[in-house]
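Reader: I am new to this structure. Please take one part and go through it closely, then set it in the rest of the chain.

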Amino acid sequence: MTSSIRGLDNFWLPFTANRMFKKSPRLITGAKGMFYYTSQGQEVLDATSGLWCVNAGHGRLEIRDAVASQMESLDYAPSFLQLSHPLAFELAHQISELSPKGLSKIFFTNSGSDAVDTALKIALAYHQKNGEPQRSRFVGRSRSYHGVNFGGMSVGGIQNNQEAFSSSLLHGVCHMRHTHNLKKQQFSRGQPEWGAEIADDLKNLIGMYGAKTIAAVIIEPIAGSTGLLVPPLGYLERLLNIARENGILVIFDEVITGFGRLGVAFAAQYFNLSPDMIVMGKGITNASIPMGAVAVKDEIYETVVSESPIYSPEFFHGYTYSAHPSACAAALAALKIYSDENLFFRSSEMSKYFEDGIHSLKKAPIVVDIRNLGMLGAIELREVNDYIGCIALEVHYRCFSKGLLVRHTGNSITISPPLIASYQDIDQIIDTLDLVLHSF
Ligand SMILES: Cc1ncc(COP(=O)(O)O)c(C=O)c1O
């Protein structure tokens with residue numbers, strides 16, 4: 001098997017244990033609906049939506065057709081030359097309609113990581129134009145993931161990233177505590193009751209550094225990649241109030257929570273909150289073509305574009321492929337599927353069944369916690385040192401051999417099925433996990 005893959009030694013896989021992978025490579029060669037198909041002919045139920053991104057399920061022909069037809073008529077339009085193309089405006093309009101009221105300016109990027117760094121730069125540009133250039137500090141949160149660019153890594157709270165690149169991270173970033181407390185929140189269904197007061201960490205940082213040095217606070221409304229940390233009841237509201245009272249912009253990183261995970265377009269709407277910017281990616285094109293975006297409050301845009309000479313770019317930032325025509329076509333087709341199939345609503349309807357299913361796994365002795373909200377779930381496992389890597393990786397492998405793809409992250413297994421999942425699909429996910437978790 002190993003020797004038959006040409007290029008096995010050439011491809012440096014991202015965020016992967018390369019040597020382990022190359023000893024026993026697993027290749028996916030097809031996907032349709034809820035399933036992946038491997039080169040060995042195995043059918044695998046995708047309980048991760050790829051990587052939290054294939055929200056409408058795999059192999060959507062509507063997206064294929066939209067991209068093919070776009071490539072035929074216009075493959076690329078240079079966006080740095082005072083030029084653009086019609087789909088970019090249509091997509092910006094549709095995303096602004098999906099976003100909370102007042103966030104109607106859309107900046108396109110190539111990925112979630114690019115969107116995070118774009119939002120940080122917009123925050124700096126806003127304060128400079130708004131007469132407060134000294135507001136240059138960012139506040140992030142422990143156990144948050146904001147992608148892999150230097151800005152995102154700096155505000156992110158993942159120890160491995162921080163350690164690996166510590167000498168080159170942004171200066172002046174500080175972090176709040178994360179909101180998870182196993183003792184006080186164990187097996188909470190939905191939002192835990194304890195922990196709103198952790199939002200006061202922002203107050204403490206203001207006390208330490210002065211509000212007028214802080215440009216923005218960035219958080220994932222639900223931290224995804226570090227094992228699904230659901231915000232305690234009242235936490236987000238309290239955090240936003242503190243930020244507002246102190247002139248600090250609030251950026252929600254909704255790369256995971258965007259496009260229906262919580263039964264609405266964005267988590268901001270689920271929590272009935274209006275941040276100043278929303279960072280998005282992944283589900284924007286149903287993962288078919290790389291794309292990210294930032295939805296920005298009108299007032300921020302107006303301030304940033306004001307007072308520059310009419311011939312000069314107001315914001316020195318952008319990507320060769322910002323609003324790439326194929327990505328725009330893919331995104332418009334994805335948004336149409338979400339709407340035609342009422343997938344956000346479906347996600348909200350299915351979430352109770354999903355919650356009951358995942359919490360039924362509590363009986364397995366290796367489970368120490370279960371967390372969920374919307375169509376997002378995590379199972380935290382007891383530390384066991386008998387396996388290469390960690391126990392969650394072993395669970396991932398055992399599930400895969402039984403035809404189920406789940407994600408392992410730290411000691412947790414995360415689940416985020418495509419929003420097209422049926423009751424039967426949810427049953428299959430839970431039954432397989434039940435079997436595997438009881439095999440330890
Ligand atoms: C919350 C969050 N922000 C940003 C990113 C980075 O997105 P990308 O991998 O598309 O650069 C991710 C990726 O998982 C994410 O989960």
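The request comes first, and one connected answer follows it.

Reader: Please look closely at the side of domain 1 that touches domain 2. Which elements give two or more residues to that side? How do its residues divide into nonpolar, polar and charged? Then tell me what lies around it.

Author: Keep in mind that this is a predicted model. Start with the two domains. The domain assignment gives domain 1 as 2-56 + 342-437. Domain 2 is 66-340. So domain 1 is written in two stretches of the chain, and domain 2 in one. The C-alpha centres of the two domains lie 26 Å apart.

Now the contact itself. On the domain 1 side, 33 residues are in contact with 29 residues of domain 2. Five elements of domain 1 each give two or more residues to this side. They are α2 (49-52), α14 (343-359), β11 (367-373), β12 (376-381) and β15 (412-415). The largest share comes from α14, with eight residues. By class, the side holds 14 nonpolar, 14 polar and five charged residues.

Domain 1 also holds a sheet worth a look. Its four strands form an open sheet with mixed pairing, in the order β1-β2-β3-β13. Which strands stand at the edges? They are β1 and β13 (404-405). Each has a single partner strand, so one side of each is left without a neighbour in the sheet. Take the β1 end first. Strand β1 covers residues 28-32, and β2 covers residues 35-38. The two run antiparallel and are joined by four bridges. K32 has F35 of β2 as its bridge partner. Two residues sit between the strands of this hairpin. One residue of the hairpin, G33, takes a positive phi near 60°. Now go to the other end. Strand β3 (residues 43-46) pairs with β13 in the parallel sense, over two bridges. There, L45 has L404 as its bridge partner.

Cross to domain 2, which is 66-340. Strand β4 (residues 105-109) holds K105. Is K105 buried or exposed? It has 21 C-beta neighbours inside 10 Å, so K105 counts as buried. Leaving aside neighbours within four places in sequence, K105 is in contact with V296, D298 and Y301. Compare its place with that of Y209. K105 and Y209 are 104 residues apart in sequence, and their C-alpha atoms are 31 Å apart in space.

Strand β10 (residues 292-296) holds G292. G292 has 28 C-beta neighbours inside 10 Å, so it counts as buried too. Its contacts beyond four places in sequence include T109, N110, S111 and G112. D114, A115, M280, G281 and I284 are also in contact with G292. A125 is 167 residues from G292 along the chain, and 20 Å separates their C-alpha atoms.

That leads to the ligand. It has 14 residues around it. S111, G112, S113, G147 and V255 come nearest. Helix α5 (residues 112-129) gives the most to this shell, with three residues. The shell has four nonpolar, eight polar and two charged residues. S111 and G112 therefore appear twice in this account: G292 is in contact with both, and both are among the residues that come nearest to the ligand. Two residues stand out by their backbone angles. F15 is found in the segment before α1 (18-23). Its phi is positive, near 45°, in a residue other than glycine. F15 has 7 C-beta neighbours inside 10 Å, so F15 counts as exposed. E307 lies in the loop between α12 (298-305) and α13 (325-340). Phi of E307 is also positive, near 65°. With 8 C-beta neighbours inside 10 Å, E307 counts as exposed.

Last, the whole chain. The protein chain has 16 helices and 15 strands. Its radius of gyration is 22 Å, close to the 22 Å that the globule rule gives for 440 residues, so the chain is as compact as a globular protein of that length. The C-alpha trace spans about 65 × 55 × 45 Å along its principal axes. Of the 440 residues, 47% count as buried. Among contacts between residues at least 6 apart in sequence, 72% join residues at least 24 apart.

Key. Residues are numbered from 1 along each chain as its sequence is written. This is a predicted model: local features need pLDDT of at least 70, side-chain atom pairs count only at pLDDT 80 or more; totals for chains, interfaces and linings use all residues. Domain bounds come from an automatic or database domain assignment. Two residues are in contact if their C-beta atoms, placed from the backbone, lie within 7 Å. Ala, Val, Leu, Ile, Met, Phe, Trp, Tyr, Cys and Pro count as nonpolar, Asp, Glu, Lys and Arg as charged, and the others, Gly among them, as polar. A residue is near a molecule or strand if its C-beta atom, placed from the backbone, lies within 6 Å of it. A residue is buried if 20 or more other C-beta atoms lie within 10 Å of its own, exposed if 12 or fewer, and partly exposed in between; C-beta atoms are placed from the backbone. Two strands pair if DSSP finds at least two bridges between them. The radius of gyration is taken over C-alpha atoms; the globule rule is 2.2 Å times the number of residues to the power 0.38.
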